[in-house]
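Trainee: I would like to test some labels against their cut-offs. Can we go through them one at a time?

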Amino acid sequence: MEKFSVKELYQDYLKLENKEITIEGWIKNLRDSKTFGFIELNDGTFFKNIQIVISDKLNNFKEVAKLSIYSTIKATGTLVVTENAKQPFEIQATNVEILSECDRDYPLQNKRHTMEYLRTIAHLRPRANTFQAVFRIRSVAAFAIHEYFQKNGYVYAHTPIITCADCEGSAEMFKLTTMDLKKELPKTKDGETDFSNDLFGKETYITGSGQLHGETFASAFGKIYTFGPTLRSENSNTKTHANEFWMIEPEISFCDLDELMDIEEDCLKFIVKRVLEQCSEEIEFCDKFIEKGLKEKLAKLLDSEFVRIDHKEAIDILKKADRKWEFEPDYEEDLAKEHEKYITEYFNGPVFVKNWPKDIKSYYMKLNEDGKTVAAVDLEVPGSGEIMGGSQREDDYDKLLERIKEKNMDASQIQWYLDLRRFGSNVHSGFGLGFERLLMYITGIENIRDVIPFPRTPKNCDF
Ligand code: 4AD
Ligand code: MG
């Protein structure tokens, strides 16, 4: 008796017609009458279940028929092709071994649950259809990202998690220490916390971006990318912010802002294409139960050319809009969620917003000739808002130093970063793709908490 996975059976059922096969898995559903019954079985390898027909010819029919869902069994039987039925084949069981019985108070019974409830059982929710779809898409998308960069000649760089360098603002970084926080902390002469006897001998953080270290690798390998967990301590309780998320950060030498946008667009389309090819059952499910029209939206993305507008033009459009804003659009300010939504709906698709006022953006972005804006670009998409944030980097040593001083930062911690502008400086650019925001866009899921296995958000770290 050969053992098969659900996926293998779906791939090969025509070849296995009338053969005896064995399969192990969890009971997802069980319907029975006096003399026969149907078990829907899954082993996690494929989105669809397999139907196993049981009858009172089994010596343990009664025990099997009263099994609760999520009990595990090993079933052996004949594979019968059922052309006109809902499922293309079924297994007529000749033997069913009960491996484990699931307790009756199993919290994930077969009925509709709210997403909020499912978050309270984060250890069990990967078994629910929605999460079967979301997390398989997550896995396929992650691999597609590696595939995209590898096939285009990028080197995968592992940047450190522990850092003393400030990229996106130290206020957003978790502090790291081995000092005993229950005791009074040592102070310096100036009354500041004294880190000199701490493990690293100075103040350290958990990184909020791999970009600075990524730039060092780009100056050696030309094109690199990172892909890893990112931590930010911001107290933002929204549907699109998490304190732990995954980010992909490519960095490209000899590349300006226009070329960067070409890469961003190409990369996003590649990922979507792969997911559509490899997760058709999952996307079908998301289209039906999560976001109606999802498939069409994604297909349209592949065919479209993303709009590219300046921040100023975006504000012009917002100011002309015939509606009231909670936050009045402003040429000197960031886009609020409501603005992002309006702009993406206005163009009915992804929009690059570029050349932002310098005061609201990070120090490392290339100052434009106007002296007022920087060569930054955010990609806004309907639903998730900003999914990519990138820029051409300031490659002039003196201008970069000036910007660091303007922001009252300590240049001594990133002298090595400044040095890249002395030793082989070049026009270079990079971006950060928020992996969860991308998944929200691809699956239609509305809350970031439901596209990451164990979400970490303000006041929530339960598993
Ligand atoms: O715009 P951000 O802060 O840019 C950077 O970190 C740059 N260093 C990237 C670079 O140029 N290499 O973050 C990049 C992306 C955002 O566009 C967003 O998709 C995501 O990361 N992101 C978050 N995702 C979830 N939760 C949060 N709190 C996020 N903050 C940013
Ligand atoms: Mg950003």
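**Ligand 1 and helix α6**

Mentor: Start with the site. In this predicted model, the space taken by ligand 1 is the second largest pocket.

Trainee: What makes the pair formed by Q211 and ligand 1 a polar contact?

Mentor: The cut-off is 3.5 Å between N or O atoms. A side-chain N or O atom of Q211 is 2.7 Å from a nitrogen atom of ligand 1, so the pair qualifies. E234 also passes, because its polar side-chain atom lies 2.8 Å from a ligand 1 nitrogen. For A242 the polar atom belongs to the backbone, and the distance to a nitrogen of ligand 1 is 3.0 Å.

Trainee: How much of ligand 1 does the protein cover?

Mentor: On its own, ligand 1 has 620 Å² of accessible area, and the protein covers 93% of that.

Trainee: Which residues around ligand 1 come nearest?

Mentor: E168, Q211, E234, E249 and E386, out of 25 around the ligand. By class, the shell holds nine nonpolar, nine polar and seven charged residues.

Trainee: Which strand gives the largest share of that shell?

Mentor: β16, with five residues. β12 (244–253), β16 (385–392) and β17 (428–434) each supply at least two.

Trainee: How do you know that the span of α6 is close to the expected one?

Mentor: Helix α6 covers residues 257–278, which is 22 residues. At 1.5 Å a residue, 32 Å is expected, and its first and last C-alpha atoms are 32 Å apart.

Trainee: What reaches the backbone nitrogen of D258 at the start of α6?

Mentor: A side-chain oxygen of D256, to within 3.2 Å. That is under the 3.5 Å cut-off, so this is a polar contact too.

Note on methods: Residues numbered from 1 in each chain as written. Chains lettered and ligands numbered in written order. Predicted model: local features only at pLDDT ≥ 70, side-chain atom pairs only at ≥ 80, totals over all residues. Heavy atoms only, no water. Helix = DSSP H or I, 4+ residues; strand = E, 2+ residues; numbered from the N terminus. Expected span 1.5 Å × (residues − 1). Polar contact = N/O pair within 3.5 Å; in protein donor to acceptor, adjacent residues only side chain to side chain. Near = heavy atom within 4 Å. Areas by Shrake-Rupley, 256 points an atom, 1.4 Å probe, with all protein chains shown as cover. 1 Å grid on protein atoms, 1.4 Å probe; cavity = no way out; pocket = protein on both sides within 12 Å on 5 of 7 lines; lining within 4 Å. Sits in = over half its atoms within 2 Å of the grid points. Nonpolar A, V, L, I, M, F, W, Y, C, P; charged D, E, K, R; others polar.
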